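User: Please take a close look at one part of this structure, and then follow the account outward to whatever else deserves attention. I would prefer a single connected description to a list.

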Amino acid sequence: MKTPMEQLLLSPMSKLYKEHIGFIKAKNVAGLLDQYAEDLLLISTLTEDRQPLYIRGRQQLKEFFESRIFSLEDLEVSLNQWAETENTLMMVESLKTRSTSGEVGNVEFYDNWYLQNGKIAIHFAGVIQYPDSTYANAGKVGAIPASPLGKLYKEHIGFIKAKNVEGLLDQYAEDLLLISTLTENRQPLYIRGRQQLKEFFESRIFSLEDLEVSLNQWAETENTLMMVESLKTRSTSGEVGEMSFYDNWVLRDGKIAVHFAGVVQYPDGSYA
């Protein structure tokens, strides 16, 4: 799907997003800041070394936007994927940029927002394809970090391999939201609550014979996890597959409350 931003169906979230892009084009930093909560967190992987950049609070956000948008002369946005609820936005977007010096660039992002009281509280600003045309799943992190989020993630993968659905469910809040774009038509699938999550995991993991995971990117805070991971799978029927995901978690009281389960590269080799 390549959809011009102007063709978005009207909704509170699309209105907020259109305003967001409009503020960037107009270099209206004050307008952008007002879309975010005072204690916001933004994590970006569009950095020279591709290591995560953590932005906390409006002052840091002001400096971040000023460093990024004041050199922009023009910006063209196309949407590849879109999913929304009353307090989340999950999308993949392609951007064509032209700087004030005439330099042209192309980049593809995944942008996931978690809102509180109508303001963006957490913003996962990740990259699928970098301006040099390489992809996020080309990087290597190494071992899972020895941190609270690393431990939770390691347990998560262990539960999947062991087909331990109860263990997986216990990692999530009762009122969880999971959005997946690993679907046949690549349209978003919305999972709400543990009963739906139980059915979702059972449909996905019971046919797995083996699973090999490698990390391409990793970022975490005390209540968020943002990563790109590549998976090699073998089904019980012997079918082999490879794919890459971006997984973003928002935790509440130590449980996964929101899970953005997006695809970087699909099993057929195409990218989101």
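Analyst: Helices and strands are taken here as DSSP runs, of at least four residues for a helix (H or I) and at least two for a strand (E), and they are numbered from the N terminus. The model is a predicted one, and everything below should be read with that in mind.

I begin with a loop residue. Thr 47 sits in the loop that runs between β2 (36-44) and β3 (53-56). Although it belongs to a loop, Thr 47 counts as buried, because its relative accessibility is 18% and the cut-off for that class is under 20%. Its side chain makes a polar contact with the side chain of Asp 49, at 3.3 Å, and a polar atom of the Thr 47 side chain also lies 2.8 Å from the backbone oxygen of Gln 51. When residues up to four places away in sequence are set aside, Thr 47 touches Leu 53 and Arg 68.

Arg 68 leads on to helix α3, which covers residues 57-69. With 13 residues at 1.5 Å a residue, α3 should span 18 Å, and its end C-alpha atoms are indeed 18 Å apart, so the helix agrees with expectation. Its buried residues are Gly 57, Leu 61, Phe 64, Phe 65 and Ile 69. These cover an arc of only 100° around the axis, and therefore lie on the same side of α3. On the other side of α3, Gln 59 and Ser 67 are exposed. A general property of helices helps in reading such a pattern: an α-helix has 3.6 residues a turn, so residues three or four places apart point the same way. The buried residues of α3 pack against α1, α2 (29-34), β2, β3 and β4 (72-84).

Lys 62 also lies in α3, but this residue is partly exposed, because its relative accessible area is 31%. Leaving out residues up to four places away in sequence, Lys 62 touches Val 29 and Leu 33. The C-alpha atom of Lys 62 is separated by 17 Å from that of Glu 19, and these two residues are 43 residues apart along the chain.

Helix α1, one of the elements that the buried residues of α3 pack against, consists of the 14 residues 12-25 and reaches 20 Å from its first C-alpha to its last, close to the 20 Å expected at 1.5 Å a residue. Within α1, the residues Met 13, Ser 14, Leu 16, Tyr 17, His 20, Ile 21 and Ile 24 are buried. They are placed on the same side of α1, because the arc they cover around the axis is only 160°. After α1 comes Lys 27, with a positive phi near 55°.

Tyr 17 of α1 also opens the subject of aromatic rings, since it forms one aromatic cluster with Trp 82 and Trp 113. In total, the structure holds 11 aromatic pairs. In one of them, the rings of Phe 124 and Phe 260 have centres 6.2 Å apart and planes at 70°, so the pair is edge-to-face. Because Phe 124 lies in strand β7 (residues 119-129) and Phe 260 in strand β13 (residues 255-265), this pair ties together parts that are 136 residues apart in sequence. Phe 124 counts as buried, because its relative accessibility is 0%, and Phe 260 is buried with a relative accessible area of 0%. Another pair joins Tyr 135 and Tyr 271, whose ring centres are 3.5 Å apart and whose planes meet at 15°, so this pair is stacked. The pair links distant parts of the chain, with Tyr 135 in the loop between β7 and α4 (148-161) and Tyr 271 in the segment after β13, 136 residues apart. Tyr 135 is partly exposed, with a relative accessible area of 21%, and Tyr 271 counts as partly exposed at 26% relative accessibility.

Charged side chains meet rings as well. Arg 50 lies over the face of Tyr 130, at 3.7 Å from the ring centre, and Arg 186 lies over the face of Tyr 266, at 3.7 Å from the ring centre.

Key. Residues numbered from 1 in each chain as written. Predicted model: local features only at pLDDT ≥ 70, side-chain atom pairs only at ≥ 80, totals over all residues. Heavy atoms only, no water. Expected span 1.5 Å × (residues − 1). Buried < 20%, exposed > 50% of the residue type's maximum accessible area, 1.4 Å probe, protein only. Arc of directions from axis to C-beta. Polar contact = N/O pair within 3.5 Å; in protein donor to acceptor, adjacent residues only side chain to side chain. Contact = heavy atoms within 4.5 Å. Phe/Tyr/Trp six-rings, centres within 6.5 Å; stacked < 30°, edge-to-face > 60°. Lys NZ or Arg CZ within 6 Å of the ring centre and 35° of its normal.
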